[in-house]
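Got your viewer open? Load the model, switch to a cartoon view and follow along.

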Amino acid sequence: VVKFMDISYYKAGLLIKGNMVANGTKDKPIVFTSMYDDSAGSKTINLEGFKDRIPYPGSWGEIVFVGGRGTLTNCYVRYGGNGLRLQNNDSADNRYVIRNSDIRYNSAAGVTNAGSACNELVMEGCTITKNGWEGLSSTGRLYGTLTSNNIYNNGRGGMSIGWDGSGSIVMAAHNWWGTRTPTFGKDIWWWGEKTRVVFEPW
């Protein structure tokens, strides 16, 4: 269990410039969460003024990858700003694999893709729900393979790819978007030339 501090102006998080491997198991997942989240591990703090606080979305920063590679398996990421941010500007070897993980209660997006370099994202068997913005938000170019995920009940829909993500290719069939008939512009949307997203069948 990794808990992050929330001290007024300072929101702790992880900044990864390189590679990260976080492989939990179904019985012993790895949890990234707020210092106030007593449901994970033992009670964190007993200091007066802190001991009775409850976790809230945005009570810590985010996990940011700047280049390199990342693998997360059987992980929980909750109560952050963005859950995960893939922020790459000049690396050609940007590949991220997220499997069987749960990302929820973050104040912004569950997973954010950004930067001028193209990222590759493989996401399988994950649940991304109850985040303030989209489940997956991309403002950069993305080559994505999403399958067998539950991406639903997020504040601004399931997935969006903005103009800066022009040229993205995302294969997103066989996911649950919270409805039997996901629609463009509500559950999934994208802009930009040459962007291709396949989300049928679901």
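How many helices and strands does the protein chain have? It has 0 helices and 22 strands (DSSP runs numbered from the N terminus, with H or I over at least four residues for a helix and E over at least two for a strand). With a radius of gyration of 17 Å, close to the 17 Å from the globule rule for 202 residues, the chain is as compact as a globular protein of that length (the radius is taken over C-alpha atoms, and the rule is 2.2 Å times the number of residues to the power 0.38).

Some housekeeping: this is a predicted model, where local features need pLDDT of at least 70 and side-chain atom pairs need 80 or more, while totals for chains, interfaces and linings use all residues. Numbering starts from 1 along each chain as its sequence is written, and side-chain values use heavy atoms, leaving out hydrogens and water.

Zoom out first. The C-alpha atoms fill a box of roughly 55 × 40 × 30 Å along the principal axes. Of the 202 residues, 51% count as buried (under 20% relative accessible area; exposed is over 50%, partly exposed in between, with a 1.4 Å probe and protein chains only).

**Stop one: the sheet.** Select the strands β4-β7-β10-β13-β16-β19-β21: in that order, these 7 form an open sheet with parallel pairing (two strands pair if DSSP finds at least two bridges between them). Colour β4 (14-16) and β21 (188-190) separately; they are the edge strands, each pairing on one side only.

**Stop two: β13 and β16.** Pick residues 111-114 and 136-138, the strands β13 and β16, which pair in the parallel sense over 3 bridges. Thr112 stands opposite Ser137 in β16. Is Ser137 buried or exposed? Its relative accessibility is 10%, so Ser137 counts as buried. Show its surroundings: beyond its neighbours within four places in sequence, Ser137 is in contact with Ala109, Val111, Thr112, Asn113 and Ser160 (contact means heavy atoms within 4.5 Å).

**Stop three: Asp37.** Now jump to the loop between β6 (30-34) and β7 (63-65), where Asp37 is found. Asp37 counts as buried, because its relative accessibility is 3%. Which residues does Asp37 touch, not counting those up to four places away in sequence? They are Lys3, Pro55, Arg78 and Tyr79. Draw a distance between the side chains of Asp37 and Ser39, and you land on a polar contact of 2.5 Å (a pair of N or O atoms within 3.5 Å; within protein, one must be able to donate a hydrogen and the other to accept it, and residues adjacent in sequence count only if both atoms are side-chain atoms).
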